[in-house]
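I opened this notebook to record what I looked up in the structure below. The entries follow the order in which I made each search.

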Amino acid sequence: MKTLTQHLAQYAGYHRDKRNILTHLVGIPLIVIALNALLSRPALWLGPLPISPASLLTLLACLFYLRLEWRLGGLMTVLMVLALFCGERLAALNTAAWLGWGIGLFVIGWAFQFIGHYFEGRKPAFVDDIAGLIVGPLFVVAELLFAAGLRQELKRQVEAKAGPLH
């Protein structure tokens, strides 16, 4: 299995334009919330817990992130559970509103992604490696940490492999 640095560096190689990264900071969270909303129906209830395709996908994603690194994985788990909560709230709306929000957020999120890749002049990472779909949210959180001055050693390792931003 690839390491955290390897995953981030491979994904970062497709995202060296600062404008592309900015569009991803908007687009990826919208897509994650949209997927959670759209996949929160149907749900089976086990006591107080709804079990849905969204909750199962969130569980698998969190396990993936935690396996890469417990600190960043822990943060990703909190954020993914928050996105699941938002998605479940949207799924609780009437069918038209649920689909409107879910599909709308999904389309807007992908529009941001493709605008960013227009700036980058390069195709999205998931086209070459489907793992890019799960690494994308991790990349966004890592970029926010880097911008806040945190995880600078990880940033140096990623940039050593992916190259500098332009």
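**Entry 1: The cavity**

I began with the lining of the largest cavity, to which helix H1 (4-12) and helix H6 (132-147) each supply at least two residues. The model is a predicted one, and I read every entry here with that in mind. H1 gives the largest share of this lining, three residues.

I then listed the lining in full: Lys2, His7, Gln10, Tyr11, Ala125, Asp129, Ala131, Gly132 and Val135. By character, I noted four nonpolar, three polar and two charged residues. The volume of the largest cavity is about 60 Å³. I also asked how many cavities of 30 Å³ or more the structure holds. The search returned one.

**Entry 2: Salt bridges**

Next I searched the whole structure for salt bridges and found five. As background, I noted that side chains of opposite charge can pair when their charged atoms come close.

I looked up Asp17 and found that a salt bridge links Asp17 to Arg19, with 2.8 Å between the closest N and O atoms. Is Asp17 buried or exposed? Its relative accessible area is 5%, so I recorded Asp17 as buried. Arg19, at 44%, is partly exposed.

I turned to helix H7 (residues 152-162), which holds both Arg156 and Glu153. These two are three residues apart, about one turn of the helix. They form a salt bridge in which the closest N and O atoms are 3.2 Å apart. Arg156 has a relative accessibility of 48% and therefore counts as partly exposed. Glu153 is also partly exposed, with a relative accessible area of 44%.

I then checked for salt bridges that share partners, and these join Glu69, Arg71 and Arg151 into one network. Within it, the side chains of Arg71 and Glu69 meet at 3.7 Å, N to O. Glu69 is buried because its relative accessible area, 16%, is under the 20% limit. Arg71 counts as partly exposed at 45% relative accessibility.

**Entry 3: A nonpolar patch**

Finally, I examined the surface. Which residues form a nonpolar patch there? I found Leu59, Leu60, Leu63 and Leu66, with about 380 Å² of accessible area together. I followed up one of them, Leu59, and placed it in helix H3 (residues 53-68). The relative accessibility of Leu59 is 48%, so I entered this residue as partly exposed.

Terms used: Residues are numbered from 1 along each chain as its sequence is written. This is a predicted model: local features need pLDDT of at least 70, side-chain atom pairs count only at pLDDT 80 or more; totals for chains, interfaces and linings use all residues. Side-chain values use heavy atoms; hydrogens and water are left out. Patches are made of residues with over 30% relative accessible area and no salt bridge: like charges are joined within 9 Å, nonpolar side chains (Val, Leu, Ile, Met, Phe, Trp, Tyr) within 5 Å. Accessible areas come from the Shrake-Rupley method with a 1.4 Å probe; for residues, only the protein chains shown count as cover. A salt bridge is a side-chain nitrogen of Lys or Arg within 4 Å of a carboxyl oxygen of Asp or Glu. Helices (H or I, at least four residues) and strands (E, at least two) are DSSP runs, numbered from the N terminus. Buried means under 20% relative accessible area, exposed over 50%, partly exposed in between (1.4 Å probe, protein chains only). On a 1 Å grid over the protein atoms alone, a cavity is a set of points where a 1.4 Å probe fits but cannot get out, and a pocket is an open set with protein on both sides within 12 Å along at least five of seven lines; lining residues have an atom within 4 Å of a point. Grid points are joined across faces, edges and corners, and a volume is the space filled by probe spheres set on the points. Ala, Val, Leu, Ile, Met, Phe, Trp, Tyr, Cys and Pro count as nonpolar, Asp, Glu, Lys and Arg as charged, and the others, Gly among them, as polar.
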